Amino acid sequence: MKNISLIIPAYKPDEKLLTTLSDASNVGFTDILVVDDGSGEQFNDIFSKVEQLPYCTLLRHPVNKG
């Protein structure tokens with residue numbers, strides 16, 4: 001899945017997001033884009049962990065865009 005990017009929209013995620021990202025990496029995804037869809041500051045901890053993953057890029061919307 002070297003030439004395939006995975007896009008994951010995330011709104012107020014829990015720790016399951018990190019498990020999903022790990023699982024996606026384990027099956028071969030090397031380019032994963034996670035979009036924080038205006039989740040708010042209380043979710044910064046999870047998104048900070050996402051930013052540390054070498055196979056993930058995080059984009060943020062300041063407000064939910066649906």
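**Entry 1: Ser39**

I began with Ser39 and its exposure to solvent. Its relative accessibility is 2%, under the 20% limit, so Ser39 counts as buried. I note here that the model is a predicted one. I then located Ser39 in the loop between strand 2 and helix 2, the helix of residues 44-52.

Which backbone atom does the side chain of Ser39 reach? I found the backbone nitrogen of Lys12, at 2.8 Å. Leaving aside residues up to four places away in sequence, I listed what Ser39 touches: Ala10, Tyr11, Lys12, Pro13 and Phe47.

**Entry 2: Lys12**

Since Lys12 had come up, I looked at its own setting. Lys12 sits in the loop between strand 1 and helix 1. Is Lys12 buried, exposed or partly exposed? I read 41% relative accessibility, a value between the limits of 20% and 50%, so Lys12 counts as partly exposed.

I also looked up the backbone of Lys12. Its phi is positive, at about 55°, although Lys12 is not a glycine. Most residues other than glycine have a negative phi.

**Entry 3: strands 1 and 2**

I turned next to the pairing of the strands. Strand 1 covers residues 6-10 and strand 2 covers residues 32-37. I recorded that these two strands pair in the parallel sense, over five bridges. Which residue of strand 2 is the bridge partner of Ala10? I found Asp36 in that role. Ala10 is also among the residues that Ser39 touches.

Between the two strands I followed helix 1, residues 16-26. Strand 1, helix 1 and strand 2 together make a β-α-β unit, and I noted its hand as right-handed.

**Entry 4: Val34**

Within strand 2 I chose Val34. Its relative accessibility is 0%, and therefore Val34 counts as buried. Apart from residues up to four places away in sequence, Val34 touches Ile8, Ala10, Leu17, Leu21, Phe47, Val50, Thr57, Leu58 and Leu59. I also took the separation of Val34 from Pro62: 28 residues in sequence, and 14 Å in space from C-alpha to C-alpha.

**Entry 5: Val50**

Val50 was in the list for Val34, and I looked it up in turn. Val50 belongs to helix 2. With 0% relative accessibility, Val50 counts as buried. Again without residues up to four places away in sequence, I found Val50 touching Leu17, Leu18, Leu21, Val34, Cys56 and Leu58. Leu17, Leu21 and Leu58 also appear among the residues that Val34 touches. For Val50 and Ile4 I noted 46 residues of separation in sequence and 19 Å in space, C-alpha to C-alpha.

**Entry 6: the whole protein**

I closed with the overall picture. How many helices and strands does the protein have? I counted two helices and three strands, and along the sequence they follow the pattern β-α-β-α-β.

For 66 residues, a compact globule would have a radius of gyration near 11 Å; the protein has 11 Å, so the value agrees. I noted that the C-alpha atoms fill a box of roughly 30 × 20 × 15 Å along the principal axes.

Buried residues make up 33% of the 66 residues. The exposed area is about 4400 Å², and carbon and sulfur atoms supply 53% of that area. Finally, I looked at contacts between residues at least 6 apart in sequence: 71% of these contacts join residues at least 24 apart.

Terms used. Residues numbered from 1 in each chain as written. Predicted model: local features only at pLDDT ≥ 70, side-chain atom pairs only at ≥ 80, totals over all residues. Heavy atoms only, no water. Pairing = 2+ DSSP bridges. Helix = DSSP H or I, 4+ residues; strand = E, 2+ residues; numbered from the N terminus. Right-handed = clockwise from strand over helix to strand, strands pointing away. Rg over C-alpha atoms; globule rule 2.2 N^0.38 Å. Buried < 20%, exposed > 50% of the residue type's maximum accessible area, 1.4 Å probe, protein only. Contact = heavy atoms within 4.5 Å. Areas by Shrake-Rupley, 256 points an atom, 1.4 Å probe, with all protein chains shown as cover. Polar contact = N/O pair within 3.5 Å; in protein donor to acceptor, adjacent residues only side chain to side chain.
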